[in-house]
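Student: I am new to this structure and should like to understand the terms used to describe it. Might we go through them one at a time?

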Amino acid sequence: MINLSDLPNWESPWRSTGSVTLLRVSSSALKQLPGSCQVEKVAKAHVAMYPEARDWATRKDPRAVFLLGAVRAVLLLPNTPAELDNVIAAELGETATEPSIAAAKMMVRNALNAVEDFAADDLTEDLVMTPSNDFVCISNDQNRRLELTSWGIYYQSQDKSVRELRLFCYRDADLARDRNQLIAAVNILLNGAITDGPLARWSYPHQTIPTDPQNRVRVRQIGCLDGSAATLFDGDAASAAAFVGGISTVVQDFLADPTFTPGNNCVECKYRISCPEIPKQPGFLGLPTSGTISKSLSRAMLSAYQRCNYQYFLTYVLKLPKKAFESNAAIARGNAVHEWISTAHERQIACSSDDLPQAGLGEIATKLGWTQDYLAQARNWISSHIQVCPFQHPDTHLLSEQTKTVWDSDADVVITTRADELGSRAGRTVWREIKTTSNLQQLSDDEYLILYPQVAFAVGIQAAVAGIVELEILTPESGKIISFDAADPTVQLAATRALAINFDQLHHDQEFAASPGIACLTCPVSAWCDKRVSEPATTEVLVDGLAVDLVTGEIISSKPVAIDALTKALALVEPVDESDDLPF
Ligand code: SF4
Ligand code: SF4
Ligand SMILES: [Zn+2]
């Protein structure tokens with residue numbers, strides 16, 4: 001049991017009303033995920049505390065439905081219904097669209113198979129497990145009440161001596177869950193009691209009913225996309241007690257000194273109007289309206305939209321599961337060049353030709369553990385970087401991979417990007433973006449801002465501190481720097497225009513028309529798409545004079561073309577964000 005007097009008290013960082021006495025911590029909140037905001041999680045755990053400023057709810061697209069909710073609902077039914085597809089569609093609700101229904105059907109079928117396999121295993125030891133109400137583990141003292149919960153399906157054996165929680169993931173059920181999350185789940189089974197049903201209001205405390213003692217607890221996991229299944233914990237009461245020995249420390253660490261981490265998730269955060277840490281810049285994107293839904297935007301999202309509007313819709317609006325695809329030569333090379341540069345720059349000195357000897361790996365590639373072949377693919381571009389390394393300028397200090405977030409509260413869009421290099425030079429802030437390319441035509445500065453909206457984004461951020469933004473374009477032959485003075489109103493205007501050109505259509509789109517073709521080849525959501533072409537060619541001419549080759553990942557440009565065609569070409573050969581974050 002957790003001693004509540006050991007837990008730190010929480011002081012809301014914004015004006016709040018309500019009570020701090022009821023704490024509800026879900027096992028998933030205890031996960032240590034890089035990039036997730038601890039403050040939001042701790043604030044949400046205080047379920048009877050409300051921010052005073054509540055006039056900005058997150059607006060969601062009604063077509064976005066919770067797929068795993070439907071999986072759970074079907075698994076809780078006493079028998080698999082004959083009209084399974086109809087039941088799934090009904091669980092998803094009438095706003096669900098065909099791609100979501102297709103994904104949910106596949107996930108339900110896989111989960112049902114896993115449940116059957118579990119039941120067959122259990123029968124070999126004469127166990128029959130049936131679903132029960134959720135369990136909750138409650139600790140009380142005169143001042144506070146802590147409820148530990150975990151989302152999934154709870155089971156008990158007929159004699160109630162075995163308790164089990166089944167968790168869901170998309171794929172690879174074998175992968176261990178975050179250790180804190182697993183400790184919490186086992187603790188709930190070991191020390192918890194059955195609730196009397198779902199809560200009437202989230203701010204009410206859970207009520208429990210008398211619960212038979214257990215002598216064995218299990219946590220199992222089902223991968224709903226690949227049909228995998230695994231047992232994450234199975235032990236008697238004594239081994240479970242030993243496993244959860246650290247639960248007090250886990251909860252204590254969770255509540256102690258939470259830190260703000262602004263990022264894409266801020267768009268779903270109900271505290272964002274009150275939050276002192278998310279930078280609010282109304283009008284940042286230069287968009288005329290707030291659109292119909294709250295949005296987050298990153299380079300990966302914009303690229304998906306440029307490849308195919310429908311791909312963006314399925315991936316980022318409906319949030320359907322994504323599959324990974326093999327990266328092409330250009331992506332692999334780009335990643336290698338960035339990795340080399342960021343490792344070299346940890347030294348805070350200029351890269352030199354000594355770092356890239358003709359024979360051998362050199363200091364940096366050796367440190368990275370590269371082979372000669374791996375270095376060879378990136379060598380020419382690294383050599384071009386050495387010509388234009390930012391540390392050649394005196395008094396330069398830079399850090400790699402810095403995340404920057406801004407909330408345009410007029411448009412209700414949260415934009416996040418990761419600066420390749422961010423720091424200062426002779427007292428002025430410097431932001432450098434590095435792009436590798438094979439054969440990019442000569443563009444005007446304004447066109448570069450449109451082609452690389454993260455550079456326009458950087459100008460917008462740097463405007464407040466009168467900083468400099470540098471775009472470093474590396475080809476196999478040379479390196480070139482295009483410098484933008486963010487203090488210059490003309491440059492600021494061009495950046496705002498570039499952002500508006502990039503985001504306007506996406507921001508106001510509600511139809512999300514499909515562009516079947518070469519984009520289908522690398523589309524991470526093609527499994528759910530009813531519009532995909534089955535065997536597209538790997539090369540496609542986008543407009544006269546511009547083609548893309550997906551095998552090499554190169555843009556083939558024989559004459560100057562319009563910037564929007566070039567933008568689409570670039571999106572087609574750029575990598576896709578493959579993070580697979582479940583909504584619980
Ligand atoms: S707005 Fe963002 S940074 Fe602020 S509390 Fe919410 S998630 Fe954290
Ligand atoms: S499969 Fe093709 S048409 Fe469908 S979303 Fe993906 S890219 Fe668009
Ligand atoms: Zn360098």
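Tutor: The dialogue below concerns a predicted model, and takes up a pair of helices and two ligands.

Student: What makes α2 oblique to α3?

Tutor: Helix α2 (residues 67-76) and helix α3 (residues 84-92) pack at an angle of about 130°, with their axes 9 Å apart. Angles over 145 degrees count as roughly antiparallel and those from 65 to 115 as roughly perpendicular. The angle of about 130° belongs to neither class, and therefore α2 is oblique to α3. The crossing of the two helices is right-handed.

Student: Which residues of α2 and α3 meet?

Tutor: From α2 come A70, A73 and V74, and from α3 come V87, I88, E91 and L92. This contact divides into six nonpolar residues, no polar ones and one charged. Glu counts as charged, so E91 in α3 is the charged residue of the contact.

Student: How do you know that ligand 2 lies between two domains?

Tutor: Domain 2 (295-508) and domain 3 (518-573) both contribute residues to the shell around ligand 2, and therefore the ligand lies between them. The shell has 14 residues, of which C308, C520, C523, C529 and R532 are the closest. By kind, ten are nonpolar, two polar and two charged.

Student: Which residues come nearest to ligand 1?

Tutor: Ligand 1 has 13 residues around it, and C37, C266, C269, R272 and C275 come nearest. Its shell divides into nine nonpolar residues, one polar and three charged. Cys counts as nonpolar and Arg as charged, so C37 is among the nonpolar residues and R272 among the charged ones.

How values were computed: Residues numbered from 1 in each chain as written. Chains lettered and ligands numbered in written order. Predicted model: local features only at pLDDT ≥ 70, side-chain atom pairs only at ≥ 80, totals over all residues. Near = placed C-beta within 6 Å. Domains from an automatic or database assignment. Axes fitted to C-alpha atoms, helices over the stretch in contact; angles between N-to-C directions. Helix = DSSP H or I, 4+ residues; strand = E, 2+ residues; numbered from the N terminus. Parallel < 35°, antiparallel > 145°, perpendicular 65-115°, else oblique. Left-handed = near helix turned anticlockwise from the far one by under 90°. Contact = placed C-beta atoms within 7 Å.
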